[in-house]
Amino acid sequence: MADPVSIFVNPIVSNIIDTAASLIRAEFLAINGVEKEVKKLSTNLTAIRDILKDAEQKQLDASSHTLRVWLAKLKDAACDAEDILDTFATETILWKRKRQVRRIRTQISLSKVRFKSSEIKEISAKLDEIAKEKDSLHLKESSDGGRPQNLPQTTFFVDTKDVFGRDSDKERLIDQMLSNESDANGNVSVIPIVGMEGIGKTTLAQLIFNDERVKSHFEFRMWVCVRLDFNRSRILKEMINFHNEMVYSNNVRTSILESRFLEFLAGKNFLLVLDDVRTNNYQEWEPLQNLLKQGGKGSRVLVTTLTTEVSDMMGTQPPYKLKYLPEEECWSLFKKIAFKDCNLLGGIKKELKDIGKEIVGKCKGLPLAVKAMGGLMRGNVNVNKWKQILRHSIWELEEQNTTDKHEILPELKLSYDHLPSYLKQCFAHWSVFPKAYAFDRKESVKLWIAEAFIQPSGQTIVEETGNEYFDQLLNRSFFQTFNIDDKVRYRMHDLIHDLAVSVSTPQCCHVKDNKSCILSEKSRHVSLLCQDLENPILQIIEKCNKLRTFLLPSENLKSLGQALGKMFHSLKYIRVLDLSSSLLLELPSSIEELKLLRYWTSLERISKCFPTQYVTFAIYRHLSF
């Protein structure tokens, strides 16, 4: 059974409330008779927003199926409301411009007003019912709620026979830890190990912790698995328990723990490993840091974390950035696990070896994935089964696993679950691009702005806030930096991309040649990764009437046939349109139907054909060309 998907709604609801407020101020609603309904809609969503933080954090509890169903229903309705109100906001802009030109009160056609009014009344009634349902969920207003479910605690023990390819990393870090040069910043030096989930940070720290040179160098060694809860009292208890079996009650005062700690550690040379630290709150770290400074000269704190924000906050030494495991070392690890206790004949062994190396290649240097795949194949010598495994993505294999012994999903998903809502939707949206897609920071921020993912922050301009979002995801290792022709680009690890796909389905989907894709009215962001475009576009017109994003992320030019004009007539909620890889020579006049379009990419020859009247309006709506 796969882990439940964390559903984000808060940023969508906040955006609707802001849009509704601006519409009410603009007088347009009162003139067209829908102000009462929009106010009711806003009131219901404001009440829901007050308990959303609690709802989004509690949804991952094992018993929270009802809550997740409610959040999914709310998200669908909120997206519908966002489309309707955005359309009204666009009509308001046009109405204001007409008033400025004519200097008289101007109404849009009665048929349009009646149609939009009925849509608003319908969605307002739906949200009214959803708001009533929240009372049975027993959620708290403005609560920190529960945290995402924690994973089992790590320990300091490691079997070195099961570790491959980390000897050089271990030696470099031990040299740094035992060197006097690390004492320049005081008695206690903090050394961070940084890397993405599953890359082997904990394993490397275990190798160092158990090395004989380290054991003999430090008077005291302590290991604490921190994870999500940076609780000073708990950390102190675990440190003390490493050398004293005395049990402390849950309500023991922190000051007593600090005194006990200092009794045996003040002035002593120690090594403390803080494994899997995720908080970047300096107020949580500073009191413990001040206490640790009472240790003897040469003391070390080794911190493992997936974020550079944590290493910047805690580290007194530059972070050690752990890289992917080389493919040969990945193969050694896989082979040890998968072929253990197997007596294979020569021909079968060679065939399984060839398939196994391809499976290892799909792991892209991530030891966690290699171990999981090796465990899946362990003891299985059926060549057809190995070929079947090769055809599936690692993510699909874990989701299909009925033993509940998932190894990759919980580890990687924990990072996603711990993101704030506004970053979850930015991350999930990347799934609309294919694997190994090289993306640009500036274009990513433009896309987020077009999709209304960026929440205004005081006087900060929206592009700056978007760049802050980007940095937060980069610092959390959700993607890596590389250079193409001396230009900085970014790319997701394949498994992180699989995570994005997992959490964004069915809202985001890819249409590929000879591969089934479930298109429905829930599909709001679509990428066409196929050669034949006309038939898929006709299917999108038929099934995806709420589409917001239409992309053709390909380097090869493709023909759209006659379907594009129909699409513009039918799919009026499109915000993002990429036709840069199309063979289109001229835009259909129906492009003017896309009043919500905010991001547009195309070949230069098509951009020149953009209707002048529409360009004027689009620039007013901050459309990115």
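The legends below describe close-up views of a predicted model.

The model is predicted, and local features are reported only at pLDDT of at least 70, side-chain atom pairs only at pLDDT 80 or more, while totals for chains, interfaces and linings use all residues. Residues are numbered from 1 along each chain as its sequence is written, and side-chain values use heavy atoms, with hydrogens and water left out.

**View 1. Helices α9 and α11 in contact.** Helix α9 spans residues 232–241 and helix α11 spans residues 282–292; helices (H or I, at least four residues) and strands (E, at least two) are DSSP runs numbered from the N terminus. Their axes come within 10 Å and cross at roughly 30°, where axes are lines fitted to C-alpha atoms, for helices over the stretch in contact, and angles run from 0 to 180 degrees between N-to-C directions. That makes α9 roughly parallel to α11, a term for angles under 35 degrees. Arg232, Ile235, Leu236 and Met239 of α9 meet Pro287, Leu288, Leu291 and Leu292 of α11, contact being heavy atoms within 4.5 Å. By class, this contact has seven nonpolar residues, no polar residues and one charged residue. Ala, Val, Leu, Ile, Met, Phe, Trp, Tyr, Cys and Pro count as nonpolar, Asp, Glu, Lys and Arg as charged, and the others, Gly among them, as polar.

**View 2. Backbone geometry in three loops.** Most residues other than glycine have a negative phi, and most peptide bonds are trans. The Thr505 to Pro506 peptide bond is cis, with omega near 5°, and Pro506 lies in the loop between α22 (494–504) and β8 (508–512). Lys364, in the loop between α14 (346–362) and α15 (367–377), has a positive phi near 50°. Ser477 lies between α21 (462–475) and β6 (480–484), and its phi is also positive, at about 65°. Lys364 is partly exposed at 44% relative accessibility, whereas Ser477 is buried at 12%; buried means under 20% relative accessible area, exposed over 50%, and partly exposed in between (1.4 Å probe, protein chains only).

**View 3. The largest cavity and its lining.** A search of the whole structure finds three cavities of 30 Å³ or more. On a 1 Å grid over the protein atoms alone, a cavity is a set of points where a 1.4 Å probe fits but cannot get out, and lining residues have an atom within 4 Å of a point. The largest cavity holds about 200 Å³ of space, the volume being that filled by probe spheres set on grid points joined across faces, edges and corners. Of its 20 lining residues, Phe8, Lys75, Gln425, Phe453 and His525 lie nearest the centre. The lining divides into nine nonpolar, six polar and five charged residues. Helices α1 (10–25), α4 (65–102), α19 (421–429) and α22 each supply at least two of them.

**View 4. The second largest cavity.** Its volume is about 60 Å³. Trp430, Phe433, Pro434, Lys435, Ala436, Tyr437, Phe439, Met492 and His497 form the lining, which divides into seven nonpolar, one polar and one charged.

**View 5. Ile541 of α23 beside helix α24.** In α24 (residues 563–570), Ala563, Leu564, Gly565, Met567 and Phe568 are buried, and their cover includes α23 (534–543), β10 (549–551) and β11 (576–578). Ile541, found in α23, is itself buried at 19% relative accessible area. Not counting residues up to four places away in sequence, Ile541 touches Ala563, Lys566, Met567, Ser570 and Leu571. The C-alpha atoms of Ile541 and Ala563, 22 residues apart along the chain, are separated by 8.9 Å.

How values were computed: Angles under 35 degrees count as roughly parallel, over 145 as roughly antiparallel, 65 to 115 as roughly perpendicular and the rest as oblique. On a 1 Å grid over the protein atoms alone, a cavity is a set of points where a 1.4 Å probe fits but cannot get out, and a pocket is an open set with protein on both sides within 12 Å along at least five of seven lines; lining residues have an atom within 4 Å of a point.
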